[in-house]
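Biologist: I would like a close look at a single part of this chain, set against the fold as a whole. Could you take me through the surroundings of one aromatic side chain, step by step?

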Amino acid sequence: MPGTRGDQIAARFTPMATHPFPYRTQWKALVAQKKANLVLHEHRRGTLTRLDRLIHTRTGGMIGTLSHQIRGAAVDAILGRTEKNDKTGLAEEVPQARSGR
């Protein structure tokens, strides 16, 4: 956002370099927590945790991209009236979050 308002907003944040999560226990716990926060009427338990490796590969281990991926698939599931997240919904392209590097 250009101009004075954009400068004011930009001054409130500090860019911070982040690194991808490796595919380990912490990543699996993060995906499990995202699943716990997901409210879809037809979502089957364990679907996201079974797909955690696929999700890691698609997101590059980046938390922001993970959030975009799951949120986008959930919105598509609601709009498509399936009300579930599965491998098909997660296969849609998602923009990569910037890592700050």
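Modeller: In this predicted model, the secondary structure of the chain consists of 6 helices and 0 strands, so that, as defined by the assignment of such runs, the order of elements from the N terminus reads α-α-α-α-α-α. Of the 101 residues in the chain, 32% are buried, and the surface that the chain exposes comes to about 7,300 Å², with carbon and sulfur atoms supplying 54% of it. When contacts between residues at least 6 apart in sequence are considered, 71% of them join residues at least 24 apart.

The part I would single out is tryptophan 27, which has its place in helix α2. With a relative accessibility of 0%, tryptophan 27 counts as buried, because the cut-off for that class is under 20%. Leaving aside residues up to four places away in sequence, tryptophan 27 touches Phe21, Pro22, Asp52, Ile55, His56, Thr59, Gly61, Met62 and Leu66. One of these neighbours, isoleucine 55, lies 28 residues away along the chain, and the C-alpha atoms of tryptophan 27 and isoleucine 55 are separated by 9.9 Å.

Several of those neighbours belong to a helix-helix contact, in which Trp27, Lys28 and Val31 of α2 meet Asp52, Ile55, His56 and Thr59 of α4. The residues of this contact of α2 with α4 divide into 3 nonpolar, 2 polar and 2 charged. As for the geometry, helix α2, covering residues 25-36, packs against helix α4, covering residues 52-59, at an angle of about 100°, and their axes are 10 Å apart. The angle is therefore one that makes α2 roughly perpendicular to α4, since the range for that description is 65 to 115 degrees.

There remains the ring of tryptophan 27 itself, and here it helps to recall that a pair of aromatic rings is described by the distance of the centres and the angle of the planes. The structure holds 1 aromatic pair, formed by phenylalanine 21 and tryptophan 27, with 6.3 Å from centre to centre and 55° between the planes. This pair is classed as tilted, because planes under 30 degrees apart would count as stacked and those over 60 as edge-to-face. The two partners can also be set side by side by their accessibility: phenylalanine 21 is partly exposed, with a relative accessible area of 26%, whereas tryptophan 27 is buried at 0%.

Key: Residues are numbered from 1 along each chain as its sequence is written. This is a predicted model: local features need pLDDT of at least 70, side-chain atom pairs count only at pLDDT 80 or more; totals for chains, interfaces and linings use all residues. Side-chain values use heavy atoms; hydrogens and water are left out. Rings of Phe, Tyr and Trp (its six-membered ring) pair if their centres lie within 6.5 Å; planes under 30 degrees apart count as stacked, over 60 as edge-to-face and the rest as tilted. Buried means under 20% relative accessible area, exposed over 50%, partly exposed in between (1.4 Å probe, protein chains only). Axes are lines fitted to C-alpha atoms, for helices over the stretch in contact, and angles run from 0 to 180 degrees between N-to-C directions. Helices (H or I, at least four residues) and strands (E, at least two) are DSSP runs, numbered from the N terminus. Angles under 35 degrees count as roughly parallel, over 145 as roughly antiparallel, 65 to 115 as roughly perpendicular and the rest as oblique. Contact means heavy atoms within 4.5 Å. Ala, Val, Leu, Ile, Met, Phe, Trp, Tyr, Cys and Pro count as nonpolar, Asp, Glu, Lys and Arg as charged, and the others, Gly among them, as polar. Accessible areas come from the Shrake-Rupley method with a 1.4 Å probe; for residues, only the protein chains shown count as cover.
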